Amino acid sequence: MDAQAVSLTCVAGLGVSGTAVARVLAGRGERVVVVESVAGERQLAAAAGLAEAGVETRFGEMALPEGTTRLVTTGWAPHHPLIAAALAAGVEVVGEVELAWRLRPAQAAPWLALTGTNGKTTAVRMLTSILLAAGHKALAVGNVGVPVVRAVAEPYDALAVELSSFQLHWSGTLAPHAAAILNVAPDHLDWHGSMEEYAAAKGRIYERAGTVIFNADDPEATRLAAPYPGAVGFTLRVPKRGELGVVEDLLVDRAFVDDPAEAAEELATLEDIRPFAPHNVANALAAAALARSLGVPSEAVRQGLRDFVPDPHRLAHVDRIGEVDYIDDSKATNPHAAAAALASYASVVWVAGGQLKGADVDDLVRQAAPRLRGAVLLGADRARIAEAIARHAPNVPVVDIADRDTGAMERVVTEAARLASPGDTVLLSPAGASLDMFANYPARGEAFARAVRELRARREHER
């Protein structure tokens with residue numbers, strides 16, 4: 001990209017990615033102005049740091065700086081006034097990921113990219129662990145928290161790139177070595193406008209990919225991969241030719257082998273996957289397929305899965321009190337994620353609620369109904385979940401927690417413990433976003449874990 005060809009780049013937002021974009025472009029000698037609506041403590045500190053690099057930040061203005069010829073967005077929706085103004089003015093709009101792709105140097109590291117409604121971060125971290133086990137210098141980047149634009153110039157052997165639908169919407173030319181879709185279910189419909197647009201954004205990951213990898217058990221992922229001959233599927237069933245799958249307790253590859261018609265290669269066992277749950281087996285298979293596309297040997301797949309340490313708030317076991325397990329799955333911010341978690345346990349007292357972001361919960365509750373022993377609901381859209389339970393599981397007792405104060409989670413856990421019997425699992429898997437009550441989903445999970453610890457302390461004091 002010729003820096004002289006760009007007279008001024010406007011960067012939308014002072015988040016982690018926006019700040020990284022501004023620094024990288026300023027380091028290339030380009031003129032950069034950042035537009036940010038919020039002048040909070042963090043934003044002001046970021047702006048001060050950028051000022052030292054020659055980058056101007058404008059707070060509160062939702063207008064394109066004069067002379068802007070390119071706008072870099074880090075997740076803002078097309079209907080945002082600044083983005084809409086740029087599009088109307090014929091200004092090129094690209095995302096941080098697209099910019100990173102264009103800035104790659106010669107002999108850049110190959111990208112192994114993945115997306116999906118759920119499981120992205122777990123799968124990309126599994127993939128990174130596998131690549132490291134194979135001796136590659138690798139890094140997880142993208143939606144996982146490390147901006148791609150900051151990593152592309154570094155001498156990595158491979159980048160494990162997690163991509164959100166927001167990032168893919170603004171990416172027009174990226175061509176990863178291999179690309180995988182884990183699953184597609186309704187989410188972020190308020191951003192995209194419809195399920196069709198959301199799925200189309202996910203499907204963009206395949207457009208220029210060298211190898212297309214898809215979840216053969218997911219109808220929408222299968223549909224999106226259908227136009228690509230030679231696409232590689234992964235499944236929880238016995239794999240067919242050209243697939244990775246499960247045979248008894250083994251993860252098996254029948255795609256990246258010399259003779260897919262006759263040969264299969266063992267990659268790992270179900271015991272190598274932590275925490276064990278069906279959706280995590282699918283995540284492991286996706287990670288293995290991406291790694292195998294780069295020639296990673298089966299031994300490294302197994303070792304990488306064994307070395308993998310799950311991120312917090314993803315089916316994290318908090319405690320076992322009175323023969324009841326307490327599980328923190330606060331990362332389940334949509335119904336699809338909650339469905340996967342609920343399917344992992346036989347008898348559940350479900351802690352749910354938050355912001356549903358326009359998603360429907362009827363299918364989730366209908367499928368989970370046989371497993372539900374009780375539900376404790378909190379947050380903005382708890383009434384919609386209660387209504388779905390009344391329709392599909394009318395005999396399940398429901399406790400409504402209307403409180404929004406800092407002690408609300410303690411009351412939630414107390415009520416869940418009251419509903420639970422020995423052998424049950426109290427599962428925080430909210431099916432909604434957390435911002436109605438908490439700073440983010442980790443804060444929600446930490447509040448749950450804290451409340452469980454307080455429950456244990458009370459029980460021990462009562463003895």
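These questions and answers cover the domains, one helix pair and two backbone details of a predicted model.

The model is predicted, so local features need pLDDT of at least 70 and side-chain atom pairs count only at pLDDT 80 or more, while totals for chains, interfaces and linings use all residues. Residues are numbered from 1 along each chain as its sequence is written, and side-chain values use heavy atoms, leaving out hydrogens and water.

Q: Which domains does the domain assignment give?
A: The bounds come from an automatic or database domain assignment. Along the protein this assignment gives domain 1 (8–99), domain 2 (105–307) and domain 3 (316–462).

Q: Which three residues supply the most of the area that domain 1 buries against domain 2?
A: In this pair, 20 residues of domain 1 are in contact (heavy atoms within 4.5 Å) with 16 residues of domain 2. Buried area is the accessible area (1.4 Å probe) that two parts lose on being put together, summed over both; here it is about 1400 Å², with carbon and sulfur atoms giving 67%. Of the part that domain 1 buries, 42% comes from Glu96, Val97 and Glu98.

Q: How are helices α1 and α2 oriented to each other?
A: Helices (H or I, at least four residues) and strands (E, at least two) are DSSP runs, numbered from the N terminus. Axes are lines fitted to C-alpha atoms, for helices over the stretch in contact, and angles run from 0 to 180 degrees between N-to-C directions. The axes of α1 (residues 16–27) and α2 (residues 41–52) come within 10 Å and cross at roughly 5 degrees. Angles under 35 degrees count as roughly parallel, and α1 and α2 are therefore roughly parallel.

Q: Which residues make the contact between α1 and α2?
A: Both helices contribute to the contact. From α1 come Thr19, Ala22 and Arg23, and from α2 come Ala46, Gly49 and Leu50.

Q: Where is the cis peptide bond that leads to Pro275 placed?
A: The bond runs from Arg274 to Pro275, with omega near -15 degrees. Pro275 lies in the loop between β14 (265–269) and α10 (278–293).

Q: Which loop holds Glu248?
A: Glu248 is not a glycine, yet has a positive phi of about 55 degrees. Its place is the loop between β12 (243–247) and β13 (250–253).

Definitions and conventions:
Parallel < 35°, antiparallel > 145°, perpendicular 65-115°, else oblique.
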